[in-house]
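Me: I would like to learn how to read a few features of a protein structure, beginning with the way in which two helices pack together. Could you take me through them slowly?

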Amino acid sequence: MSIRPLDIKRVTITDGFWSAKRALVRKEVIPYQWEILNDRIPEAEASYCMHNFKAAAALNKRAVEQGSAYEAPKFTYRGFAVFPETREDAKDDEFYGFVFQDSDFYKWIEAVGYTLATNPDSLLEETADKAIDIVCAAQLPNGYLDTYYIINGMDRSFTDLRDHHELYCLGHLIEGAVAYYEATGKDKLLNAAKRYADYVSDKFGTEEGKIHGYPGHEITEMALFRLYDLTHEERYRKLAEYFIDERGKSPNYFEGEHPDMKGKPDYYHQAHMPVRQQTEAVGHAVRAVYLYSGMADMALKSGDASLKSACQKLWNSIVNTKLYITGGIGATHLGESFSFPYDLPNDTAYSETCAAIGLVFFARRMLCLDPDSKYADIMELALYNTVLAGMALDGKSFFYVNPLEVIPEACEKDERKMHIKPVRQKWFGCACCPPNITRLISSLGQYIFAEDQNTLYTNLYIGSETVKNVGGKNVKVSVMSGLPNSGNVSISVTGAAGTDFVLALRLPAWTAGNYKVTGADDLITEIRNGYIFCSGFAADTCICLEFDMTAKVIAADEKVSEDAGKVAIMRGPVVYCAEEADNGPALREIRIKTPVNITENVTDEFGAEAIKLVVKASRVKMEGSKIPSTSLYKTFEGFSSEDVYLTLIPYHLWANRGEGEMSVYVGVEW
Ligand code: FUB
Ligand code: ZN
């Protein structure tokens, strides 16, 4: 049995918390990112994204004026990422940025699509249409569209699938084009995406004479399934399946391009073995969860049990051994990768924002493949913590890396921590994360509910409304939610009387079974797979759920050595952290007193109502004599301790009050 997400046009979000975030994305983030893509924010790193499309379009145009198809120069390798000294040094006809710079526009237009789907805006649409004209003008007559090779030389196109992201850019182009088409009905970008996908489908496959490779950075797989869903054109589904089935075959395709890889298992690209045999999440974390999302899509469409089983094992590998409490994944900056099981360092954590977003994609697909609330729990965890932490409250600066412990001086001076920024950045040369957050928040409507023929699943308790047709009758469901501050949720169901409508209400794992349901007495209820299934609606009904939001003290598994002797605090799905702004420096000295007594304080310090937590703690110092008195070491003679109150704030709000120490895990008194 499987379920499916709802089209975002069917979901109206009315939520207090999320509506404000979505309005921010619409009014501030999307316009800001458009300025960035056009290099019009001098104090932010330059993007060159639109510059590249314009450069490629100009080359194309010139060729047409000369009556010939554009012939790219012979390929010159200029580097994986090339930036001019200054913006003024940028040449009109050169490519700048990372090889995958095109994808930043594709993510942006995807976010614009979702936004227009729910909030029509003629000015934004006009800007987007003009941008699409530029992008389409860059496409070669044969359908190829990747400005890196169009500008630098087509003769090397598809010769470095491992690193050069042409198929990744196709994936993002498809995602953006489909979202824009579904919102506006305009198919110019969609046709460009289809033409590029057709070009790729002619070139790749198992047949003789075709390239037997697959994307070095996954996403194309899930994007092609999406294109198939829209167009029902078999070749897109086949190409996606081919990419998934081909990965990991021996010899590794990438060895042909990079002979130094011979004989080395290719964990980084998840190409170390065929995907159905993979059981441990390994390699580059974003690549991994994008692949697993594509695999789950394929399992959903094909009913392939071995693929479903691989997805479940990979899911378990992540959730049971490689997941930060914040919903972040990818512990090490070395290769932006998963580390070995239980290796979850706090102060060198990578936990890329894109990886948490990819985990949300994977979770939603797993939920559809294997309807169980455990997937929604993780989706919610990633959303309320790492994903939200990725963006500042004003929507104009971002985290790429999401550590769980920060000492600002260490980020500057310790080479092992230089990937960590103690404050959000206005943009990045490699800017994968900011527009990824934008597209996720603007598509939130896809994550709240899911359905099968008669059942509507509520997966995230986000205030919203939808209508489901059951046996020809429209059933309206409205959710009002106090999350993340309060656990009170009410769900009104109208029009269900006399239908076979079933409402499946998720029971979040964080309640640990402490919840109350009222208003469902006249219904037939059954608890299964982490949901209460309510049926037998005889009249309009309002069901109230009261989820226990008492803050909980959480300890990591003993195998996580980094967290030994420490605890973290969660309230509902929200993870808390201590900041220097509330507690002063040297957070390492603080020990929470047991039994832990937590007080909640409402604050509006962060622009909207939030809950701060306060716990009794002590600042513990080791006492002893130093000889000489300046010595780094002393003879240990015992502890001195001072009673303090430790204040904690939601992790997603950290670093909005300037630079300072932060820690999710805090020592606890034994
Ligand atoms: O390679 C494209 C994107 O850039 C990846 O997903 C991120 O991890 C960053 O490396
Ligand atoms: Zn990223």
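Reply: Let us begin with a pair of helices, keeping in mind that this is a predicted model. Helix α6 passes helix α7 in a left-handed crossing.

Me: What are the angle and the distance between the axes of helix α6 and helix α7?

Reply: In general, two packed helices are described by the angle between their axes and the distance between the axes. Here, the axes of α6 (residues 166-184) and α7 (residues 188-203) cross at roughly 150 degrees and come within 8 Å.

Me: Which residues make the contact, and how do they divide into nonpolar, polar and charged?

Reply: On the side of α6, the contact includes L167, L170, L173, I174 and Y181, while α7 contributes residues including L189, L190, Y196 and V200. The residues of this contact divide into 14 nonpolar, one polar and one charged.

Me: Where should I look next, if I want to understand the nonpolar core?

Reply: In the largest nonpolar core, which has 216 residues, those that touch the most other members are F105, Y292, M295, I491, F501, L503 and V664. Helix α13 (residues 353-369) supplies the largest share of this core, with 13 residues, and at least three residues come from each of domain 1 (452-547) and domain 2 (552-669).

Me: Which residues does F105 touch?

Reply: Leaving aside residues up to four places away in sequence, F105 touches W34, L37, C49, M50, F53, A131, I132 and V135. There is also a second, separate core of 18 residues, and V567, I569, I590 and A617 are among them.

Me: How should I read the backbone angles?

Reply: A useful starting point is that most residues other than glycine have a negative phi, and most peptide bonds are trans. In this model, the peptide bond from S250 to P251 is cis, with omega near -5 degrees, and P251 is placed in the loop between α9 (234-246) and α10 (253-257). Another cis peptide bond joins L483 and P484, with omega about 0 degrees, and P484 lies in the loop between β9 (473-481) and β10 (488-494).

Me: What is the phi of S351, and is this residue buried or exposed?

Reply: S351 is not a glycine, yet its phi is positive, near 45 degrees. This residue is found in the loop between α12 (305-322) and α13, and S351 is buried, with a relative accessible area of 0%. A586, which is not a glycine either, has a positive phi of about 60 degrees; A586 counts as buried because its relative accessibility is 12%, and buried means under 20%.

Methods: Residues are numbered from 1 along each chain as its sequence is written. Chains are lettered from A and ligands numbered from 1 in the order in which they are written. This is a predicted model: local features need pLDDT of at least 70, side-chain atom pairs count only at pLDDT 80 or more; totals for chains, interfaces and linings use all residues. Side-chain values use heavy atoms; hydrogens and water are left out. A nonpolar core is a set of buried Ala, Val, Leu, Ile, Met, Phe, Trp, Tyr and Cys residues joined through side-chain atoms within 4.5 Å. Buried means under 20% relative accessible area, exposed over 50%, partly exposed in between (1.4 Å probe, protein chains only). Helices (H or I, at least four residues) and strands (E, at least two) are DSSP runs, numbered from the N terminus. Domain bounds come from an automatic or database domain assignment. Contact means heavy atoms within 4.5 Å. Axes are lines fitted to C-alpha atoms, for helices over the stretch in contact, and angles run from 0 to 180 degrees between N-to-C directions. A crossing is left-handed if the near helix is turned anticlockwise from the far one by less than a right angle, and right-handed if clockwise. Ala, Val, Leu, Ile, Met, Phe, Trp, Tyr, Cys and Pro count as nonpolar, Asp, Glu, Lys and Arg as charged, and the others, Gly among them, as polar.
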